[in-house]
Amino acid sequence: MWLRGKFPSLATMSALHFDTQQSHFALFGLPPAFRLDLRQLERDYRTWQTQVHPDKAAHLPAAEQLLAMQQASWINEAYQTLRSPLRRARYLLVLHGIDTQEETNTAMPMDFLMAQMEKREAVVEAKRLKDVDQLDALNAQVEQEVADLTAQLAVYLDDTQDYPPAAAAVRKLRFMEKLGEDILAAYDEIESR
Amino acid sequence: MALLQISEPGMSTAPHQHRLAVGIDLGTTNSLVATVRNGISVVLNDENGRAMLPSVVRYTADGQIIVGEAAQTMQSQDTANTISSVKRFMGRGLHDMGEITRFPYRFVEAPALGKTAGMLQLRTVAGVKSPVEISAEILNVLRRQAEASLGGELVGAVITVPAYFDDAQRQATKDAARLAGINVLRLLNEPTAAAIAYGLDNASEGVYAVYDLGGGTFDISILRLSRGVFEVLATNGDSALGGDDFDHRIYCWLLEKSNLSALPPQDTRLLLTHARAAKEQLTEHGEARITAMLSSGVLIDHVLTQAEFFVLSKNLVQNTLQPLRRALRDAGLKVGDINGVVMVGGATRMPQIQQAVGDFFGQTPLTNLDPDKVVALGAAIQANVLAGNRSGDDWLLLDVIPLSLGIETMGGLVEKIIPRNSTLPTARAQEFTTYKDGQTAMSIQVVQGERELVSDCRSLARFELRGIPAMVAGAARIRVTFQVDADGLLSVAAREMRSGVEAAIEVKPAYGLSDADIMRMLQESGQHAADDMQARALREQQIEGHQLLEAVENALEQNGNLLNVTEQAQVRTQMHDLRAALQQSNHQVLKHATEALNQATTEFAQRRMDQSVNSVLAGRTLESIE
């Protein structure tokens, strides 16, 4: 676990470990699993950025500044991917050779789709009535469902290695994420009027 | 110099390896420059001891460019040629400015680049000027002020920008710095700069909100400070809302009270100046009296109470609260999660702002650092680190992109590529394909903003990919990489994945300047550059002259007895000549006078040296006897 120990110099580190072919998990010295220690991830992310951030290279030649920018961008991308349950699950499935088919696979369970439509309508209605309390309630509901789906994903991905239902859960999670964005946009609209 | 080595306070005495770097707050109303000296961030004053340079530039018919207070005092008389609040025009087209009659300038629509019109320009008596050129004049004064004060050339500068500035506004700021001969170490977001100055000063930990209301821009940033890391969680704002708008409300109130409608530009400027003074007075007083004589001879005389002003400006204050809510939501935080609220920008002195922000967060905002200086002080700290002057304790800054970046897709819709509040630097790749057999080129429109329609977002650039190998429709896989650097500036690269061909990209910035534009402007200002060099040489000679005079005076006071009367008279004659030369601005005369005094005191220096050696030896002898 080179990341937790003493850091090698930037030059040797980039030569030894900075391989954009390696997985985001490997970059952070983590096993490829859905369950992870977010606090540790955050600490390691910060340690990485302390080493490679472009601010550390601002006085160096242009080529090194460019390298720092690319490495820091890559670390940001890896961190953002691992930090979000949806993106982490999608990424793990890709590592296992599974396409989550979020754009193409629309074969969702009917009851899920119906429930989604009802919630969307509720958001539109709350926006029309400027009902912030209703939006708060919807938001809490979405958060609960996201938590449930995340728990299911941990079981499918880490315990039972059951990937097709994991991909289905990712597709549902994507729906919930979009709904969450709609709710935020509704808050914005209510406040701007 | 043969005589003595004396360093004057304020002159550079730093060791060689210290690299001179400054932080510059290029403000709507005032601009400042600061540096880290002996480990402490300090604002550099001008030769008259003033810290703030009014961001006002005046062009005269005889080709002079006057910047700062001297320009500001001429605003009402020479309105069209005296440009203030130029920051509002940076990276903006005429159509962005809303009601342009509120500005007393002669605008020129810039030649269109591609589909979109370019940055607006202003017609002055010295020709048409772009906001970039005007801003460069302000930066130029600050650079020279810093170099004179620090006694050397700058390695570079950190220049602050409102966090909510988009790519076009950032690019325009960077172009202005290049035009002023400044190496930009980093564009730093103003609230983040304030957080650095504040956080390092107070060794704070926790989540802070920085509320930054400047002359023409408003930012809110939510940062988490922990163990030497400044992490921006979310930022929001309005890059066209600031203290100027409060002045304008008072101005409108004056018109209404006086039953006036449209005024000539100089009267508009006059009343705006009075409106600003009234606004400042209402910070500490219950009422302000506004009296002004218009060019028509009409006398304006009204009293504005604080209560009336609060009502007039209520909407403006409210307009700053919505970005606060958005930033909190984007950060996933509630009001109660905020440990402290830092106030930045002169406009936050207004009591109604302090009240509204205090009410919103349920706590008294922190104002223990001067809201006018805190941004420049933080920028200087960052500049010092970026220049490679290692400070003892290491810290890291993680900032974000304020507005989403996307591309135009079918039907004029925006597809977001990089969402707002992504930590910088950031890169995202997107694949495109061809829709016709044998298609070898495609055009991509890059936009910035949160809206769904391209027409509601800011068009940043249109770029064309050429040299795509001819294939059947849909077979080509063109991977376009969007890279946003630590300054928040976008660059684009593309590659056809099947053939590995690097597609040639031609980015047509809608608002930025091309390298050719910069070169042309630099050539045009070549005359200025020559003037600058001469001015700098003169300034250095003046410093040397003053140093020498001071040294000789000290020497005469201490060891005048080493010279006989005739010798003393000779030295004093040369000193007199040098003083006279310092009154003029002739480099050659000054140089000769300095050399003459140096010559005249060589013998004196030798005798002083002998005496000091003797006294040291004498001291030793005494000690050894005892």
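How much area is buried between chain B and chain A? About 2,400 Å², with carbon and sulfur atoms giving 45% of that. Hello everyone, and please keep in mind as I go that this is a predicted model.

Let me stay with the interface for a moment. On the chain B side, the residues that lose the most area to chain A are B:R329, B:L396 and B:P425, and together they make up 24% of what that side buries. In terms of contacts, 29 residues of chain B meet 25 residues of chain A.

Now for the charged part of the story. Side chains of opposite charge can pair when their charged atoms come close. Between chain B and chain A, the count is six salt bridges. One that you can find on the screen is B:R428 with A:E77, where the closest N and O atoms are 3.1 Å apart. There are also 14 residue pairs in polar contact across this interface, both partners at pLDDT 80 or more.

Which elements of chain B give two or more residues to the side that touches chain A? The helices are α8 (314-331) and α10 (374-386), and the strands are β14 (218-226), β15 (229-238), β19 (396-398) and β22 (426-432). Of these, α8(B) gives the most, with four residues. By character, that side of chain B divides into 11 nonpolar, seven polar and 11 charged residues.

Three of those strands, β14, β15 and β19, bring us to a sheet. Five strands of chain B form an open sheet in the order β18-β13-β14-β15-β19, with mixed pairing. At the edges stand β18 (340-344) and β19, each with a single partner strand, so one side of each has no neighbour in the sheet. From one strand to the next, the twist averages 25°. If you zoom in on β15(B) and β19(B), you will see them pair in the parallel sense over three bridges, with B:F230 standing opposite B:L397 in β19(B). And here chain A comes back in: its helix α3 (residues 38-52) packs on this sheet, touching β14, β15 and β19 of chain B. The direction of that helix makes about 110° with that of β19(B).

Let me finish with another sheet in chain B. This open sheet has three strands in the order β8-β9-β10, and the pairing is antiparallel. Its edge strands are β8 (107-108) and β10 (127-129), each pairing on one side only. Two bridges join β8(B) to β9 (residues 121-124): B:V108 stands opposite B:Q121, and B:F107 has B:L122 as its bridge partner. On to the next pair, where three bridges join β9(B) to β10(B). One of the partnerships here is B:T124 with B:G127 in β10(B), and a hairpin connects the two strands through two residues.

What packs on this sheet? Helix α2 (residues 131-150) of chain B does, touching β9 and β10 of chain B, and its direction makes about 85° with that of β10(B). Within helix α2 there is a salt bridge to look at, between the side chains of B:E147 and B:R143, at 3.2 Å from N to O. Those two residues lie four apart, about one turn of the helix. For the wider tally, a search of the whole structure finds 43 salt bridges over all chains.

Thanks for listening, and I am happy to take questions.

Key: Residues are numbered from 1 along each chain as its sequence is written. Chains are lettered from A and ligands numbered from 1 in the order in which they are written. This is a predicted model: local features need pLDDT of at least 70, side-chain atom pairs count only at pLDDT 80 or more; totals for chains, interfaces and linings use all residues. Side-chain values use heavy atoms; hydrogens and water are left out. Contact means heavy atoms within 4.5 Å. Buried area is the accessible area (1.4 Å probe) that two parts lose on being put together, summed over both. A salt bridge is a side-chain nitrogen of Lys or Arg within 4 Å of a carboxyl oxygen of Asp or Glu. A polar contact is a pair of N or O atoms within 3.5 Å; within protein, one must be able to donate a hydrogen and the other to accept it, and residues adjacent in sequence count only if both atoms are side-chain atoms. Ala, Val, Leu, Ile, Met, Phe, Trp, Tyr, Cys and Pro count as nonpolar, Asp, Glu, Lys and Arg as charged, and the others, Gly among them, as polar. Two strands pair if DSSP finds at least two bridges between them. Axes are lines fitted to C-alpha atoms, for helices over the stretch in contact, and angles run from 0 to 180 degrees between N-to-C directions.
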